[in-house]
Amino acid sequence: MLRFSLLGPLRAWRGGTELALGPPQQKAVLAVLLLRRGRAVGVAELVDGVWGHAPPAGAVPVLRTYVSRLRKLLEPGRTPGAPPRLVVSIGDGYALRTEEITCDLGEFEDNLVLAERHRARGDSRGAARLLDTTLAAWQGAPLAGVPGPFAETERTRLTERRLAALEYRLRVELELGRHEAVLPELVALHAAQPLREAVCELLLVALYRCGRQAEALEVYAGTRRTLVDELGIEPGPSLRAAHARLLAGDPDLSPPPVPVPAVDTGAPDTDDTPDTGPAHDSDRDDPPRTAGDVHPSQLPADLPLFTGRDTELGQVDALLPADGHPDTAVIGLINGMAGAGKTTLAVHWAHRVAHRFPDGSLYVNLRGYDRGGSVMDPSEALETFLVALGVAPQAVPEGLDAQAALYRSVLARRRVLIVLDNARDSGQVRPLLPGTPGCLVIVTSRNRLTGLVAGHGAHPLTLGPLTDGEARAMLTRRIGTARVDAEPEAAEAIVDLCARLPLALAIAAARAAHHPGFRLADIAGELRESHGSLDAFAGGDAHTDARAVFSWSYHALPPAAAELFRRLSLHPGPDISTASAAALAAAPVRPVRALLAELTGASLLGEHAPGRYAFHDLLRAYARELADTEDTEERRRAALLRMNDHYLHTTHHASAIISPRRETLPLPPSTTDSGTLRFTGRRQAMQWLRTERHVLRAVVEHAAAHGYEDHAWRTAVGLDLYFDRLGFWHDLMEINSVALRAARAVGDRVGEAHALRGLGFFHTRFAHSAEARRDLGRALELFRDAGDGPGEARTRRCLAYQANGEGRFTVSLDHYAHARELYQAEGNVGNEAIVLNEVGWTYILLGEHGKAMEYCEKAVALHQETGDPVGEAAAQDSVGYALHHLGQYEDAVERFERALALYREIGDHYLEADTLRHIADSRLAAGDREAAVGAFRAALALLEESSHPEAADLRETLRDLDASDPAEGAAPGTEGMEGTEGMEGTEGTEGTGRGGV
């Protein structure tokens with residue numbers, strides 16, 4: 001499915017991959033086709049739309065070239081000669097079919113219709129939320145960067161559509177009585193669009209409702225002067241009518257009443273008169289109250305600019321039944337890191353549902369992480385609540401148990417909303433919980449308060465950073481749409497640099513609001529300059545200073561957990577395993593696991609998968625600041641050495657488990673107790689490498705940059721085999737480039753040779769012939785000079801593989817002969833067998849399949865002799881390949897299935913998929929189409945599981961099979977491996993017999 005974005009720069013994606021749309025005029029052609037929505041566009045109209053009425057000479061041929069390129073871009077798998085499915089020719093023009101594409105403009109228009117439906121059936125809140133989200137999706141000026149008269153006209157039209165939608169949202173917000181919330185946005189919008197009378201009218205209403213009638217009159221007078229001076233016209237009828245109503249104090253301008261639903265009192269009605277509110281009759285069995293009918297209302301003010309969190313609000317809404325009142329004491333627990341907006345969300349939601357609790361609302365800040373350490377005692381909170389509920393101060397008993405008992409009695413059969421903000425632990429909360437049904441308790445905490453969940457059935461909600469859309473909407477809401485629209489890229493940068501944390505965004509937005517003359521780009525620059533520290537997020541007081549807020553959680557930690565918090569900041573990867581945390585801490589895994597639980601419980605660290613932990617960006621910066629100030633350089637260096645030892649030795653152990661007969665790189669003994677992991681089998685080792693993929697790349701880069709060059713290049717050597725099989729070729733290019741710089745920095749010629757061999761091989765993967773020959777040739781020289789026979793032999797095999805790819809088979813066989821001699825000299829029978837298989841593969845490429853069988857069968861025998869199932873599987877696969885090309889399809893399938901059984905036994909999914917493709921080719925050549933398709937699909941499932949790049953080619957193969965006529969069959973010898981495009985792209989995996997690393 002293709003997705004296009006028009007509401008900003010013109011962009012396109014296929015799946016998760018963005019497409020390069022080409023030069024500006026080509027984008028202009030695409031824009032015309034998109035906006036015509038499947039209708040035909042003549043060549044003349046396209047030329048006019050792209051170049052105007054004075055097109056350059058040769059415009060029509062250039063236009064047709066653009067269309068041809070767009071067809072290739074949008075349909076990369078189309079068979080040559082097949083008619084296009086998306087950009088089709090109609091008459092003398094073209095049309096873009098829309099059945100297989102989505103577009104943000106279409107979604108925008110659909111959402112406007114849906115919002116109107118919400119509003120028509122009385123759901124103005126839903127309409128406002130939908131409009132807010134829809135408008136936040138705009139990425140700047142529509143069709144930004146697209147040239148031509150057509151794009152310019154459409155840009156104007158779409159900008160007007162957006163402004164109309166924005167006015168509609170603001171009108172709905174005013175209908176909901178949110179005049180104070182939208183007033184800043186209306187002021188900014190009126191300043192940016194002084195001639196839009198609809199905006200002026202909305203602003204007049206908002207100002208009037210906020211008690212600022214004089215300002216409203218000034219706004220009207222200023223707008224009238226502008227219209228007369230610039231356009232020579234008076235305000236329109238609607239704006240004049242609003243001005244008249246304003247002068248007359250028309251009640252229609254007043255805020256709408258907030259609907260209060262009827263409350264079920266729990267007693268049957270005695271007549272047909274509807275309930276008008278809660279009953280407080282003398283026959284109710286409430287406990288006696290000392291101050292009569294008291295309805296506390298302690299909620300702090302709702303944040304007028306509250307934005308987003310629709311998903312979380314839906315989750316907490318689900319805590320209450322749609323009708324009536326809870327039949328239990330419901331406890332909602334909102335936890336998360338400092339600055340995530342827990343209190344803001346709790347208070348906002350409390351205001352949304354307060355009308356359902358007619359006996360009032362209670363609020364207390366328990367000061368669980370107060371900077372002064374003055375955590376509120378539950379007894380103090382109980383006394384406050386009891387007095388608020390009508391108990392005379394002198395009647396409040398002594399002692400926590402007595403106070404809690406009276407509190408539960410006072411709450412019995414009442415429906416009260418209770419917000420317990422910033423709780424330290426479950427023990428602080430338990431005495432404040434009601435004992436009977438009907439109340440709602442909302443607890444916020446940086447801790448998870450597992451005791452409340454386990455012992456009291458609390459419903460936990462962990463609050464993380466905002467989504468991208470919510471973060472943009474929050475910034476827009478606070479500084480105005482006009483300002484964000486003027487600098488969309490800078491606004492996006494601010495969101496990214498604040499890591500979508502509400503506290504950080506609020507601080508950055510406050511700075512922008514206090515300095516309206518500052519460009520957003522300048523504010524983004526300030527954040528960028530201080531990235532890696534929290535200097536840019538120092539607010540005006542402790543509660544809006546990110547560093548101070550984080551410190552309250554940090555100083556509450558036990559010393560061992562605080563030390564681990566600092567250590568973890570030294571880790572360069574995107575996440576951290578328990579084992580690597582133990583290496584950094586120089587402690588056994590078991591106690592470290594408990595410390596990690598302490599950190600996640602305090603919301604200073606997140607556990608995004610079992611046993612894998614990650615920092616929020618700003619918390620990582622805070623932890624790193626602490627490590628730099630509280631730990632010595634010596635202690636930090638010792639921790640990094642343990643970490644690098646851990647990854648180096650674990651990587652090579654995993655590689656040895658995966659390919660036990662492969663020559664190994666001698667490693668210096670670890671100088672630390674780094675906790676090297678030990679794997680019991682190939683599956684476990686392969687899973688570790690897969691999980692740690694991005695971490696290992698970051699570790700190699702960090703080691704090279706921070707004085708651990710030997711670790712960097714040696715770790716890189718341990719990664720090439722498995723990463724190659726998974727198709728992580730770009731990773732390996734980067735890793736080996738870093739390894740090369742590291743080895744050269746310390747003058748290690750052997751390390752340089754290994755890095756060059758890796759680079760040369762992966763240049764071959766990308767068909768960079770000259771670079772491959774250069775790097776492999778230099779590696780060969782270095783290995784020879786060092787007298788490193790295994791290194792030289794392995795490099796020669798890479799050179800042979802590269803020569804095979806270029807059809808230089810004589811050169812390839814010469815390299816293999818030298819490699820075999822080197823292995824024989826060392827008595828390395830296992831690697832000699834691998835070379836025999838690779839020689840056999842070279843003869844397959846030469847078309848000498850009988851000779852290929854001779855070498856590959858020798859390889860099978862040697863692998864069986866040495867007990868190497870990986871090597872035997874590869875050689876059996878090669879024998880099958882040769883038999884296929886001899887037309888012996890059943891015999892070929894038999895050999896492939898032997899290889900397949902071995903690959904399944906050892907758990908190598910990539911090579912299993914490779915052999916399944918070979919089985920499919922032989923089945924297809926033998927005319928068994930159904931079995932072939934089944935094998936192809938099984939191979940595709942394995943490749944997709946690991947996101948292997950070869951999956952795309954296999955999907956294309958299956959599409960071609962689906963599109964072809966099954967009745968035509970496949971002529972033996974003409975379909976299958978010999979004609980399978982990209983088959984040689986699977987070569988190079990060591991042990992397959994086709995050359996490799």
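So, Arg 37: this one is partly exposed, with a relative accessible area of 38%. Keep in mind as we go that we're looking at a predicted model. Where does Arg 37 sit? You'll find Arg 37 in the loop between α1, residues 24-35, and β4, residues 41-42. What caught my eye is the backbone: Arg 37 has a positive phi of about 55°, although it isn't a glycine.

There's another residue with that kind of backbone. Ala 586 also isn't a glycine, and has a positive phi of about 55°. Ala 586 lies in a loop too, this time between α24 (578-585) and α25 (589-601). Is Ala 586 buried, exposed or partly exposed? With a relative accessibility of 49%, Ala 586 counts as partly exposed, because the exposed class starts over 50%.

Okay, let's zoom out. The protein has 997 residues, and 52% of them count as buried. Its secondary structure comes to 42 helices and 15 strands. And if you take the contacts with a separation of 6 or more, 68% of them are between residues 24 or more positions apart.

Now the inside. How many residues are in the largest nonpolar core? That core has 123 residues, and the ones touching the most other members are Trp 349, Leu 440, Ile 442, Ile 494, Phe 565, Leu 568 and Leu 599. Helix α31, residues 729-745, supplies the largest share of this core, with 9 residues. Apart from this core lies another one, of 74 residues, including Val 50, Leu 63, Leu 96 and Leu 170.

Let me pick out Leu 440 from that list. Setting aside residues up to four places away in sequence, Leu 440 touches Leu 320, Val 330, Trp 349, Val 353, Phe 357, Val 416, Leu 417 and Ile 418.

And then Ala 346, which is found in helix α12, residues 342-353. Ala 346 is buried, with a relative accessible area of 1%. Which residues does Ala 346 touch? Not counting residues up to four places away, Ala 346 touches Ile 334, Ile 442 and Thr 444. You might remember Ile 442 from the list of residues with the most core partners. Also, Ala 346 and Val 419 are 73 residues apart in sequence, yet their C-alpha atoms are 7.6 Å apart in space.

Next stop, helix α7, with two residues to look at. Ala 188 is in this helix, which covers residues 179-192, and His 190 is in α7 as well. Ala 188 is partly exposed, at 22% relative accessible area. His 190, on the other hand, is buried, at 14%. The cut-off explains that split, because buried means under 20%.

What do they touch? Beyond residues up to four places away, Ala 188 touches Gly 480 and Ala 482. The C-alpha atoms of Ala 188 and Ala 482 are 6.6 Å apart, although the two are 294 residues apart along the chain. As for His 190, and again leaving aside neighbours within four places, the contacts are with Val 199, Cys 200, Leu 203, Val 219 and Thr 223.

Last topic: helix pairs. Two packed helices are described by the angle between their axes and the distance between the axes.

Here's one pair. Helix α33, residues 769-786, packs with helix α34, residues 789-805, at an angle of about 160°, and the axes are 9 Å apart. So α33 and α34 are roughly antiparallel to each other. Their crossing is left-handed. On the α33 side, the residues in the contact include Leu 776, Leu 780 and Phe 783, and on the α34 side they include Thr 795, Cys 798 and Leu 799. By class, the contact between α33 and α34 has 7 nonpolar, 4 polar and 4 charged residues.

And here's the other pair: α36, residues 829-846, and α37, residues 849-866. At what angle do they pack? It's about 160°, with the axes 8 Å apart. That makes α36 roughly antiparallel to α37, and α36 passes α37 in a left-handed crossing. Among the α36 residues that meet α37 are Ile 834, Leu 836 and Trp 841, and α37 brings in Tyr 855, Cys 856 and Leu 862, among others. By class, the α36 and α37 contact has 13 nonpolar, 6 polar and 2 charged residues.

Notes. Residues numbered from 1 in each chain as written. Predicted model: local features only at pLDDT ≥ 70, side-chain atom pairs only at ≥ 80, totals over all residues. Heavy atoms only, no water. Core = buried A, V, L, I, M, F, W, Y, C linked by side-chain atoms within 4.5 Å. Buried < 20%, exposed > 50% of the residue type's maximum accessible area, 1.4 Å probe, protein only. Helix = DSSP H or I, 4+ residues; strand = E, 2+ residues; numbered from the N terminus. Contact = heavy atoms within 4.5 Å. Axes fitted to C-alpha atoms, helices over the stretch in contact; angles between N-to-C directions. Parallel < 35°, antiparallel > 145°, perpendicular 65-115°, else oblique. Left-handed = near helix turned anticlockwise from the far one by under 90°. Nonpolar A, V, L, I, M, F, W, Y, C, P; charged D, E, K, R; others polar.
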